[in-house]
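Let's take a walk through a protein model together. Keep the 3D view open and look for each residue as we reach it.

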Amino acid sequence: MSEHGAKKVFSLACRYSYTRLALNYYMYCETFQNMGHKTEQMTVLQQKLTALVGALLDGTLTEEAAAEVRNQIHHQTELVTTYADCFQIYEHVLNRLEGRFLEKAPFTEADELFAKQIMKYITSTKDHMVLNGRIQEIVAQLPVRLTKAKFAGFVQDGLSAYIGSDKSSLESVFYMLRTTSMMDMPKAMKSEYEGLYEMLEKFQKADFKKMEKEEYQALSGILSSAVEYIQAVISDYQLMQDIVNDLYLLALTQKEGFMEAEEQQVVLHILSVLHEKMEEAREAEDALDMAPILDSLFDSMTQLEGKQEALYERYLKNEGQWTEGLEENLKETGRKVELLLSDSPFVDLDGQENDETADRDYVTEQSALFIKELLEHLSALPKPVSRAVMANILSHLPVFFNSLNEIETYVRGSLESCTDMYEKGTCMEIIRSIMESENALV
């Protein structure tokens, strides 16, 4: 595409970012007064976000300033997401204990019959991706009764799917598996989210084998509080990241793109009014009522209806081809624009992709190193936690079964080898609810 054509795309990205920024910032200001879970880190980032909007309004916004705040939000989100991964593991553990403390007999069904129902559910679709998704979903909920050697073999088989891919893909799956299995725990988790760390410590110190009903109920309450808090914080960080991404896009495209004067005037009016109120909120000791200001902008907001979708649709027609043939400086800007307009708000803009091919020897070697470390990690965990981690790992791997017979053998083996009727009953109930939710049972 010519430089002139590329500037047209920059203009579309610029107009889209302006419009989306107004909508996102309005939503952010609408929820700001109800953020009862603010941390010191979030308050600092909110102030920096307000300053970035101010810089846009006075013409001093830079890519470097937007990148700095974006990276800081990303860092905080990673810490909170690590907590989410940990509590997901312990939720799995508590679910398997619940039956002990209920005043009813555990759910039961013949292993062979239930395994057939599961297989019918898995194979009732012709869509290969849906079928694989169902296999992973079921594996995540089945009781885990595997020797370390058998588990290691499954992990090796799953990772072998990356033979022939680029090395970056393999690195990404290792990162994902490490974070979801509690292998990587950043030191900053404790210092920056002390309350969550204290909650997590209660689970780390718990004796699940000897647990009494009172402790189970206490931990269930802690889990609910932690999950609610994490979901709220991640939601707020994601909205803040969306806003920073819009600001970053504007810092990249304003020089090369252009805005329609009337459209820009509407957006700048919305941003100016909201920014002034947010500055007032920053300096006020008590919470300010944002509702009157938000109501006053209703007519301006309606003028933007439909514009965001229309602009993005026009941008998509050029996606993936418009940076070809551009000078290096514009090509780099175009690369970042495409990433910032992708579906991932936290995409790494500076990471260098390793597009070297991961051949069989490389995948085998790297997998062996990872599995060795994973098994050592599992050995240090209580058995119920170790089993939860194993189930989580297996459910995140590419499907490692070679045939439907292998899947059925695994399903039946998992059910038959579980002698804890409460755990098995819980697993069966969860799987049955999954199947019923898709009307899979007849």
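## A first pair to find

Which residue forms a salt bridge with Asp-184? The partner is Arg-178, and the closest N and O atoms of the two are 2.9 Å apart. A salt bridge here is a side-chain nitrogen of Lys or Arg within 4 Å of a carboxyl oxygen of Asp or Glu. Arg-178 counts as buried at 17% relative accessibility, while Asp-184 is partly exposed, with a relative accessible area of 28%. For these words, buried is under 20% relative accessible area, exposed is over 50%, and partly exposed is in between (1.4 Å probe, protein chains only).

Before going further, note that this is a predicted model, where local features need pLDDT of at least 70, side-chain atom pairs count only at pLDDT 80 or more, and totals for chains, interfaces and linings use all residues. Residues are numbered from 1 along each chain as its sequence is written, and side-chain values use heavy atoms, with hydrogens and water left out.

## The whole chain

Zoom out now. The chain has 19 helices and zero strands; helices (H or I, at least four residues) and strands (E, at least two) are DSSP runs, numbered from the N terminus. Along its principal axes, the C-alpha trace spans about 70 × 55 × 45 Å. Of the 442 residues, 48% count as buried.

## What sits inside

Next, the nonpolar cores. A nonpolar core is a set of buried Ala, Val, Leu, Ile, Met, Phe, Trp, Tyr and Cys residues joined through side-chain atoms within 4.5 Å. The largest one has 119 residues, and Tyr-28 and Phe-208 touch the most other members. Helix H10 (residues 213-253) gives this core its largest share, 15 residues. Another core, of 18 residues, lies apart from it and includes Leu-249, Leu-252, Tyr-315 and Val-337. In soluble globular proteins, nonpolar side chains tend to be buried together.

You can also look up Ile-135 in helix H5 (residues 128-141). Ile-135 is buried, with a relative accessible area of 4%. Its C-alpha atom is 7.3 Å from that of Val-399, although the two are 264 residues apart along the chain.

## More salt bridges

The structure holds 15 salt bridges. One of them joins the side chains of Glu-263 and Lys-307 (3.7 Å, N to O). This pair links distant parts of the chain, 44 residues apart: Glu-263 is in helix H11 (residues 261-283) and Lys-307 is in helix H14 (residues 307-316). Glu-263 counts as buried at 5% relative accessibility, whereas Lys-307 is partly exposed at 29%. Together with Arg-15, Glu-263 and Lys-307 are linked in a network of salt bridges.

Now try a pair within one helix. Glu-376 forms a salt bridge with Lys-372, their closest N and O atoms being 2.9 Å apart. Both lie in helix H16, four residues apart, about one turn of the helix. Lys-372 is exposed, with a relative accessible area of 53%, and Glu-376 is partly exposed at 46%. For a long-distance check, the C-alpha atoms of Lys-372 and Glu-262 are separated by 62 Å, and these residues are 110 apart along the chain.

## A spot on the loop

Finally, find Asp-350, which is in the loop between helix H15 (328-340) and helix H16 (360-379). Asp-350 is partly exposed, with a relative accessible area of 49%.
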